[in-house]
Number of protein chains: 2
Amino acid sequence: MNKLSNSFLKFNYRNLFVSVLMVLCCMFDTAKAQTASWIWYPGDFDIWMSNVMQNRRTERGSFFPPFWKMDSHYVLVDFHKEFDLKKEEEVKLYVEGQYNVKIDGQAIAGFPKQIVIPAGKHKLSLKVYSQDKVPAIFVKGETVMSDDSWLTTFEDKEWIDASGKTSDKSGTTFVSVGSWNLTDPLTPPSAFKLPVRPMRATKVEKRKDGFIADFGKETFGFIKLHGVKGKGKLNIYYGESKEEAQSIEKCETLDLLELALSTKKDTIMPLSKAFRYINTAFDGDITVDSVSMLYEYAQVTEKGSFKSSDEELNQIYDISKYTFELNTREFFIDGIKRDRWVWSGDAYQSYLMNYYAYFDSPTVKRTLLAQRGKDPVTAHINTIMDYSFYWFLGIYDYYQYTGDKKFVADTYPRMKSLMDYVLNRRNKDGLLEWMPGDWIFIDWADKLSKEGEVSFEQLLFCRSLETMAMCAELSNDNVAAANYNKLAKELKAKIFSLYWDENKHALVHSRIAGQPTENVTRYANMFGIFFDYFSPAQKLEVKKHVLLNDQINKITTPYMRFYELEALCAMGEQAYVLKEMKNYWGGMLKLGATSFWEEYNPDKTGAEHFAMYGRPFGKSLCHAWGASPIYLLGKYYLGVKPLSPGYETYVVEPQLGGLQWIEGKVPTPSGDIAVYCSKKEIKVKSVAGTGTLKFKSKSKPVSKGAAIKEISKGLYEVTVEKNKAYVINYTSL
Amino acid sequence: MNKLSNSFLKFNYRNLFVSVLMVLCCMFDTAKAQTASWIWYPGDFDIWMSNVMQNRRTERGSFFPPFWKMDSHYVLVDFHKEFDLKKEEEVKLYVEGQYNVKIDGQAIAGFPKQIVIPAGKHKLSLKVYSQDKVPAIFVKGETVMSDDSWLTTFEDKEWIDASGKTSDKSGTTFVSVGSWNLTDPLTPPSAFKLPVRPMRATKVEKRKDGFIADFGKETFGFIKLHGVKGKGKLNIYYGESKEEAQSIEKCETLDLLELALSTKKDTIMPLSKAFRYINTAFDGDITVDSVSMLYEYAQVTEKGSFKSSDEELNQIYDISKYTFELNTREFFIDGIKRDRWVWSGDAYQSYLMNYYAYFDSPTVKRTLLAQRGKDPVTAHINTIMDYSFYWFLGIYDYYQYTGDKKFVADTYPRMKSLMDYVLNRRNKDGLLEWMPGDWIFIDWADKLSKEGEVSFEQLLFCRSLETMAMCAELSNDNVAAANYNKLAKELKAKIFSLYWDENKHALVHSRIAGQPTENVTRYANMFGIFFDYFSPAQKLEVKKHVLLNDQINKITTPYMRFYELEALCAMGEQAYVLKEMKNYWGGMLKLGATSFWEEYNPDKTGAEHFAMYGRPFGKSLCHAWGASPIYLLGKYYLGVKPLSPGYETYVVEPQLGGLQWIEGKVPTPSGDIAVYCSKKEIKVKSVAGTGTLKFKSKSKPVSKGAAIKEISKGLYEVTVEKNKAYVINYTSL
């Protein structure tokens, strides 16, 4: 009895010590290598969590799940690691699922929560079965810990012969486990939830049997009703606009409650929703004291920043950031009202914004893994041909920005099987066109032809093949790399021979029944620019005859404006793009937008702006793809981008685009690059890699302590070493 | 209030009526077409249930899961059917999972449990998300019911365009739903459990702090302790033999309980186990009043029967039936003590026994689907090369016995992808040999070579290709059928040119480094006989030089004895096989077997019989493959087998094999074929197809009302029409 009490006390002290230590670790963000974390089969938590997330969509109270295949985790998974212990070690085990534990292949009876591993070399294995949630383990001793150095498999093939000897010919393939920052043994992966914080409404209009509450701006979370009492119906109609909340018949989301509360009670809605306004309607004798919300958010850190001499532009940047914050959740989603799904084309833009905002790699990886799901590939990602390609491009960019070779190599087998699916769908000319099961999306645009072989799809296909070649090389699959390179080269040549129209000075939109059409659209042409597929002469032709040509159908979604403006920026048209941004995003702000929209057509008026998909409030007023100024301002005005993977080398090429001054920070894997630029002064400071500052000056630039090279007439370069502040005096053109 | 009560009463009356009707239906086994049942994506319940079942294995208290990939159901599934209703209909909905309901594509809010479908043509759809259990629905109206005429998909691709119009180009593939006899809306698939019935121990030996209970014979179920009280440890050690139950250190299964019961309580063990004996040991002040068990069994009907003039043979048949009963559970498993897994080679034999015992097609289909799992194929079935082939063979036989074209066509895509996996693993000579990840099993036998290209594997491969050709044809995939036929023919020719040894009069065991070995084993040679691959002359050579040759290594498992004896029966050696059966199975009976074993070697003595896999009680004393006399006696003594699929035509060729008389029944899809045969009289009566009775007679046979044809000297045939009794007087040779 006495002994039991003692050890209980000891145990508590140790727990306390561990807690204190963990707090310290969090405070100083150190000792990461020594932290145990929950581990699982790579991709499985991502897939499982995306099932949870994407099946939360409702439309007017009815469940609205995705229409593509949802995959599942492996239900039976083996984890192991070999340790060489200096002394015997006590190890705690936390497991999601039914499991066994083996030391050197010998099973321990029951479901032990604590084991002792003797000194010396030993292999610790746990095998876990779990159907409803992802098999996962958390192992914590003094040196024995679960982390991403463990190996895992979904088929261990540990068979024995008739004598009981375990086969040594099983040829099991082990891969690195998946993990994330889930470091609390008592919060297993299945219990993961985004944090919330309470927020109050800014204005509440009381009505007969209800009220309308305004939360001041677009927001996301769980409505909380305080002091609810009575018997009857209580309906909540959500609105991104006041019009929507007031439209009982047509608002997109709602909660219909039946209550019978004899004493006052607070009630939190079970599903998070997007709204600025809520409209409640009671009947019976229901009363409600007040309303608030629990704002739900992802724990990411704002690292990038931008400020300029133009207040409207600053506001566009800030609202972009807020729009992006709202759409950065368990994954990068499309929009917070609907669909709240993980769309590959949408997420691809979020990745790029992320590199100039949070530089949060885990959310990128999680989203890529969730989209890809499991083999076999039975359809394009989200069923959309273009979206399969954006997935490849997402990995291309991820590697450029982060330099994370391990993720590329780990993901390479999944890339290969998706590319096999694509390659198997080429037509006799080696091109891709619609086949049953395909959705050719491109953009939301009236009368956009999807017939025949669309040039835009071939361009994305070509870049995807280039991505495969790069990733095959990084994964040491040189035979495949050579083949992908060959396929990419052949396809690029074919694109130019089939679609480039000398008279139109552009790539035409498509080829139908073997004949190029006369139709010129912006899509392939703008991608051709920042993919660097055009010759310098072709770029200029395209700029004039397509990008700056009002005769070519306009783009009305921020989705494709992203690429259109990027193409113009890549051609040095920052001044033009600034005007466009102020018109387009500024246009939304003038209409009272507190976040940026799924689509914006300046020709529409009033509540017309809220309609889409044949529904008066079908449009989402907070769509991730509306936040692209984050990316454009970081990459093309502050002018920071990696030249080699992970910012080992990079360029800083500030462009005022007509502004008096700009300043901001761009995050990299090893810290921020800070840039300031006015018409007379450029300041750069970086903690990462080696940069090249490029700028033009009318005068001979001057700097204390920095070597300025004149590259050509009026064009200068300064090498930026890390942890050194550079100040250049110059005269902008 | 009044109205509510009325409708409540009405509702109860209707329920009562439905219950009565269902009882009537069950009693008369009619009106099946009008019964609603739970439906799911085909194969998904089977896969899910096999995960539940196969993860119940424990070894000395530690969880012992399979070592191959376990698949999962699709978590998001759409079900639909179009109805043409004469009048409006009220329909009840029961769903496993989160769901929506659409009539003609229009969603109904919430999770309705009852809907009204208007008169006329309408499409009813339910889309269900469920991660932990199989998405399943049960729909019941007057005419609108869930049954196997519904269609389903895991990717409905119901996307819309910007105007809200649903795509008409999605090209979704729908397949027939899976279902089974789960016709109770209140018992959903996830709640499925085998029934149990209580049984008492036949003898209980009290000991100090415990007791040993004997249940009289091998059995399976949940131990129930009655009137348990006290505080302390209570351990239960299970034994198929008394020796095992008494071996606290080495028995294979056990339950270790810690109790603190202040009043008497009955306790049922959570996991079912196999045993004849249990040995309990208590400490502290624990007392137990008595012990019983809940015998767990599958609801299958005994249809086949066999009886003869030989009492020992009758006992062998009865114990075989009991052995088979114990191993027929949610699936056909290998053994009830361990592994309780769905092994393809083991199940294949159960299928064949089943056709002469229960003729229970659902258990065959469920087992085949569970084994096959989902794509992608990452290993052979159960990781064993031979076991992939038995899976194909299982479908071949299933079609021969049942004539169920629908199952073949539904399963054909899964057959194709498994065969693709196999074809991709051929070596440069088009043969199969070990590759990393493969287990070449063949049989449990000492020093059995698995090196090089084993002839046995090529034979199974060839038969699998023939199966593919047959199933491709049944699925109208004629191009594939021609290709599989060609591959099979080429392979068969190669087998004979590489392995047939004129001097050995047999197929040799293998080819190593391009050279045939000198080694002759029974495996390929016995399969060659009943596959009918040999010429008549070769058959005789093989019989003499292999099957009846004591110099060739003996077979010690009932598993391969099955095929050995089948080959001999196919050669007309019933008299020899009868002696072998009496020796081998009779040998186990003499040792007190109450069910047949995993392995039996007459040279061993005492407790040596219980050892295997290097463990003193590692052997299973109740293994499905021990029950093969069921099959041999039905097929080769009663002599009944289908000639065309589903017994449309069949043969009855009774063989006494030295017995005075035999009689029995063989089930078919349309009813039983009853056969009696003595040395002077043959009686046949059938309710199925058209049979051909074949027999030899020394005298000219006589029958009232049956035309007897003499086919050749002393060999006679009678055409057996259904529902007509035939009595033939003859004189056996």
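Select strand β11 (residues 151-153) of chain A together with β12(A): the two pair in the antiparallel sense over two bridges. Strands here are DSSP runs of E with at least two residues, numbered from the N terminus, and two strands pair if DSSP finds at least two bridges between them. Within this pair, A:T152 has A:V175 of β12(A) as its bridge partner.

The model is predicted: local features need pLDDT of at least 70, side-chain atom pairs count only at pLDDT 80 or more, and totals for chains, interfaces and linings use all residues. Residues are numbered from 1 along each chain as its sequence is written, while chains are lettered from A and ligands numbered from 1 in the order in which they are written.

Next, extend the selection to the open sheet of six strands in chain A, whose order is β7-β6-β9-β4-β11-β12, with antiparallel pairing. At the edges stand β7 and β12 (175-176) of chain A, each with a single partner strand, so one side of each lacks a neighbour in the sheet.

Now display both chains. A turn of 180° with a shift of 0.0 Å along the axis lays chain A on chain B with an RMSD of 0.0 Å, the superposition being by least squares on the C-alpha atoms of residues with pLDDT of at least 70 in both copies. The two copies are thus related as by a two-fold rotation axis. To locate this axis, select A:D132, the residue of chain A that comes closest to it, at 1.9 Å (C-alpha).

Finally, select the interface: 54 residues of chain A are in contact with 54 residues of chain B, contact meaning C-beta atoms, placed from the backbone, within 7 Å. The largest share of the side of chain A that touches chain B, three residues, comes from β6(A).

Methods
Two residues are in contact if their C-beta atoms, placed from the backbone, lie within 7 Å. Helices (H or I, at least four residues) and strands (E, at least two) are DSSP runs, numbered from the N terminus.
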